[in-house]
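Hello,

Here is the structure I promised to pass on to you. Please open it alongside this message, and my notes on what turned up follow just below.

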Amino acid sequence: MKTTYNLRSIAAKAISQVLDQGQSLSTVLPGLQKNISEKDRGLLQELCFGTLRVLPQLEWCLQQLMAKPLTGKQRTLHYLLMVGIYQLVHTRIPAHAALAETVEGAVALKRPQLKGLINGVLRQFQRQQEDLIQRMENTDSRYLHPSWLLNRIKKAYPEQWEAIIEANNQRPPMWLRVNRIHHSRDEYLALLQAAGIDAAPHPEYADALRLLTPSAVSELPGFAEGWVTVQDASAQGSVDLLDPQDGEMILDLCCAPGGKTTHILEAAPKAHVLAVDVDKQRLVRVNENLQRLKLHAEVKQGDGREPQSWAGDRQFDKILLDAPCSATGVIRRHPDIKWLRRDSDIAELAGLQREILDAIWPRLKPNGVMVYATCSILPEENSQQIKAFLHDHPEAQLVETGSLENPGRQNLPHAEDGDGFYYAKLIKSAK
């Protein structure tokens with residue numbers, strides 16, 4: 001049955017909302033996917049994520065092919081051209097189909113008079129494709145990162161920056177977290193093998209399994225029953241470090257969308273968990289995740305800088321602070337981060353992190369444990385942040401994670417491992 005929508009025009013609109021309106025793809029896509037078939041949702045996702053992943057390459061090619069870019073009310077057609085080139089270079093969609101559907105996208109975007117232009121540019125690209133891609137590889141566009149971020153990564157990791165950039169530009173691996181309430185990791189691995197799904201355990205994180213080929217969650221044994229959750233391996237490491245125990249009062253701060261909240265409760269089902277996030281909309285996801293896994297936490301909206309308003313005078317045995325950050329460690333999962341972040345954001349985020357740290361530290365009981373975590377790879381948000389905090393708080397002791405000179409543990413993104421992630425484990429010495 002012929003569809004009544006044009007997928008390429010929908011992708012162009014999504015990209016416009018990200019690049020021109022500053023919205024994240026994970027916010028934009030669900031609304032756009034509502035009115036399209038199940039079969040097409042995956043392709044829409046691929047077109048949007050893929051185009052944003054290689055954006056500088058597409059932009060560079062268009063600059064060579066057009067005297068001037070499409071702007072103003074025609075800007076969405078510029079993104080439509082990007083979607084067209086992305087298909088020709090990076091997908092297995094037959095060229096004639098990619099071309100025809102992209103040209104028809106101009107009609108769906110109510111610019112039928114530009115069909116000829118879209119067709120002409122894409123055909124010109126086809127003729128010059130090999131030469132254009134080869135020439136682009138001699139420019140900084142080949143790194144597929146904005147220059148400010150590329151410079152920061154080079155400065156922080158002079159030996160490893162190329163490997164980091166390469167990992168950022170790949171599709172992410174799919175990691176699972178086995179719910180230990182139901183199965184051990186080895187037991188669930190056997191269930192996957194019986195279902196014909198190949199997976200490998202993480203060498204360090206106790207509940208983590210990597211699928212060798214990504215799979216729909218509907219195909220995972222017991223997903224609906226809460227036997228397993230999709231969660232990156234590095235994200236799982238923060239709860240392993242926290243080591244929650246039954247009966248403890250635990251704060252999960254900046255908790256949305258709830259992956260770590262539910263992991264804490266799988267590890268310690270009788271812990272008392274207060275899960276707090278500033279974003280009311282994202283707390284909906286926290287409650288959905290708790291419901292699917294049949295777990296209970298006290299969920300509250302609140303600002304980490306103002307604990308009195310949501311915690312009263314409560315003190316906690318353990319605190320997991322998954323601090324707001326640049327998310328530069330999860331670019332392969334969210335390529336829009338490269339285009340939504342600005343260089344000036346880093347100092348602002350570091351300032352916010354410090355405010356939250358200073359406000360929440362007094363809520364930790366003597367001998368209590370705090371794990372500070374981010375999904376960033378930038379030292380300003382991580383090792384430098386914790387180094388300054390330790391200097392100002394002599395009662396804070398760093399344990400299990402790095403040295404006083406280089407505090408914390410920094411995971412870098414890797415094709416067969418987790419995302420970029422930072423953790424520092426602190427104990428408050430008794431006075």
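Let me start with Cys255, which is buried, with a relative accessible area of 4%. Please keep in mind that this is a predicted model.

**Cysteines**

You may wonder how many disulfides the structure holds. The count is zero. Cys255 is in none, and the nearest cysteine sulfur, that of Cys254, is 8.0 Å away. A disulfide needs the two sulfur atoms within 2.5 Å, so a pair at that separation does not count as one. Cys48 is another case: the closest cysteine sulfur to its own is in Cys61, 19 Å away, which is too far for a bond. Cys48 is also buried, at a relative accessible area of 0%.

**The annotated binding site**

Cys254 and Cys255 come up again in the UniProt record, an unreviewed entry, where the annotation "binding site" covers them together with Ala256, Pro257, Gly258, Gly259, Lys260, Asp277, Asp303 and Asp322. The annotation may be inferred rather than shown by experiment.

I looked at two of these positions in more detail. Ala256 sits in the loop that lies between β5 (249-253) and α12 (259-267), and Gly258 has its place in the loop between β5 and α12 as well. Are they buried or exposed? Ala256 is buried, with 9% relative accessible area, and Gly258 counts as buried at 1%.

Their contacts, with residues up to four places away in sequence left out, are these:

- Ala256 is in contact with Asp277, Arg282 and Val286. Asp277 is itself among the positions in the "binding site" annotation.
- Gly258 touches Val286 and Asn289.

Val286 therefore appears in both lists, as its heavy atoms come within 4.5 Å of Ala256 and of Gly258.

**Strand β1 and its partners**

Elsewhere in the chain, strand β1 (residues 174-178) is mostly covered, with five of its five residues buried. Met174, Leu176 and Val178 point one way from the strand, while Trp175 and Arg177 point the other way. In a regular strand, side chains alternate between the two faces of the sheet.

Which strands pair with β1? One is β3 (residues 208-211), which runs antiparallel to β1 and is joined to it by four bridges; there, Leu209 is the bridge partner of Leu176. Another is β4 (residues 228-230), also paired in the antiparallel sense, over three bridges. In β4, Thr229 is the bridge partner of Arg177.

Happy browsing, and best wishes!

How values were computed:
Residues numbered from 1 in each chain as written. Predicted model: local features only at pLDDT ≥ 70, side-chain atom pairs only at ≥ 80, totals over all residues. Heavy atoms only, no water. Buried < 20%, exposed > 50% of the residue type's maximum accessible area, 1.4 Å probe, protein only. Helix = DSSP H or I, 4+ residues; strand = E, 2+ residues; numbered from the N terminus. Pairing = 2+ DSSP bridges.
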